[in-house]
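Here are my notes on the model you sent. They are set out as numbered points, with the pocket taken up before the ligand and the backbone.

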Amino acid sequence: RERLFGGLKRTSDRLGDNLTGLFTKAALDDQTLDEIEEALIVSDLGPAMAVRIRERLAEGRFNKELTEEYLREIIAEEIEKVLAPVARELEIEAFPRPQVILVIGVNGSGKTTTIAKLANLFLEQDYGVMLAAGDTFRAAAIGQLKIWAERLGVPIVSGKEGGDAAGVVFEAVKQATETGIDVLIVDTAGRLQNKRELMDELDKIRRVLGRLNPAAPHDVVLVLDATTGQNALSQIEVFQDVAKVTGLVMTKLDGTARGGILVAAAEKYRLPIHAIGVGEKIEDLRPFDPGDMAKAIAG
Ligand code: GDP
């Protein structure tokens, strides 16, 4: 919890900075409301949220004094309302096993690290975990995932650089099924430069999976880098075009001032948010608590 509040301090500081100077007036008027709305949008919380908070303030405080404490309270309440319905941990519940989790996202978003963190989380819950290096495009990605697998002591199925990703996934599901693995986490290529190719590749993986187990993939988790701000929002749209995204993990919420983007994403797309990344270490993946998150952002 401390980690979350520490990590989101820059986000709440930025919100605070954007709001300073708005509390000097004796009574709340239209101009101040405009300024507050603007400040909330600039803080990445999204236009819908900004309008709602404005309306609540107008209802409760118009022509009355507006304190910073009251404003932060309203902001936290409104954020929590948006986040609560989307907070959903990844549960391992697929029968027959394994549950197949496809992890997608652009290169550099923290995909590999998130896969390792998720694997660690499932290991802690006593599940048998296997990784599949389905990003055959980048040798570095295969190597990185292998290092994580070794460190975590979990099996990994990988192919050659430039090899067929669907083939790797096929082999992984086969082995996972034979060895009684509970959860198979599949890395995928993150080349958005060629959307068509990526779509074809993900489709092929999906077809191969479906042949082995009609319910697979059970989850398609999109990894987003919070530091990219509004860009993270457009990535949701692009990836929803190429794959059926079932949930999000937002990374790098530590040390960014752009944590508000999580709220904008929740509000606009209403996709489940499974967890958040608050650091580079294996234990730095946190289940997503809407109340804490709202308070950490509102400050
Ligand atoms: P990929 O290319 O998407 O697989 O990205 P990586 O998993 O290799 O991560 C890219 C960089 O971001 C690495 O230096 C990671 O350590 C770092 N990273 C990943 N998640 C987080 C996070 O939650 N917080 C911070 N601060 N760094 C992260």
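1. The lining of the largest pocket divides by class into 11 polar, 6 charged and 1 nonpolar residue. Please read this and what follows as a description of a predicted model.

2. The volume of the largest pocket is about 330 Å³. Its lining is made up of 18 residues, and those closest to the pocket centre are Ser109, Gly110, Thr113, Lys252 and Glu280.

3. Which helix gives the most to the lining of the largest pocket? Helix α6 does, with 5 residues. Helix α6 covers residues 111-124. Both α6 and α7, the latter spanning 139-152, supply at least two residues each to this lining.

4. The largest pocket is also where the ligand sits. There are 17 residues around the ligand, and the ones that come nearest are Gly108, Thr112, Thr113, Asp254 and Glu280. Two residues deserve a second look in the viewer: Thr113 and Glu280 are listed among the nearest to the ligand and also among the closest to the pocket centre.

5. The shell around the ligand can be sorted by class in the same manner: 9 residues are polar, 6 are charged and 2 are nonpolar. Helix α6 provides the largest share of this shell, namely 4 residues.

6. Oxygen atoms of the ligand have polar partners in the protein. For Ser109 the partner is a polar backbone atom, 3.1 Å from a ligand oxygen. For Lys117 it is an N or O atom of the side chain, at 3.5 Å from an oxygen atom of the ligand. For Arg138 it is a polar side-chain atom, with 3.4 Å to a ligand oxygen. On its own the ligand has 580 Å² of accessible area, and the protein covers 77% of that.

7. Turning to the backbone, where are the cis peptide bonds described here? One runs from Phe95 to Pro96, with omega near -5°. Another runs from Arg97 to Pro98, with omega near 0°. Pro96 is placed in the loop between α5 (68-83) and β1 (99-104), and Pro98 is likewise in the loop between α5 and β1. I suggest showing both prolines in any backbone figure.

8. A last backbone point concerns Asn63, a residue other than glycine with a positive phi, near 70°. Asn63 lies in the loop that joins α4 (47-61) and α5.

9. To sum up the site: the ligand sits in the largest pocket, α6 leads in the pocket lining with 5 residues, and α6 also has the largest share of the ligand shell with 4.

Conventions:
Residues are numbered from 1 along each chain as its sequence is written. This is a predicted model: local features need pLDDT of at least 70, side-chain atom pairs count only at pLDDT 80 or more; totals for chains, interfaces and linings use all residues. Side-chain values use heavy atoms; hydrogens and water are left out. A residue is near a molecule or strand if one of its heavy atoms lies within 4 Å of it. A polar contact is a pair of N or O atoms within 3.5 Å; within protein, one must be able to donate a hydrogen and the other to accept it, and residues adjacent in sequence count only if both atoms are side-chain atoms. Accessible areas come from the Shrake-Rupley method with a 1.4 Å probe; for residues, only the protein chains shown count as cover. On a 1 Å grid over the protein atoms alone, a cavity is a set of points where a 1.4 Å probe fits but cannot get out, and a pocket is an open set with protein on both sides within 12 Å along at least five of seven lines; lining residues have an atom within 4 Å of a point. A molecule sits in a cavity or pocket if more than half of its atoms lie within 2 Å of its grid points. Ala, Val, Leu, Ile, Met, Phe, Trp, Tyr, Cys and Pro count as nonpolar, Asp, Glu, Lys and Arg as charged, and the others, Gly among them, as polar. Grid points are joined across faces, edges and corners, and a volume is the space filled by probe spheres set on the points.
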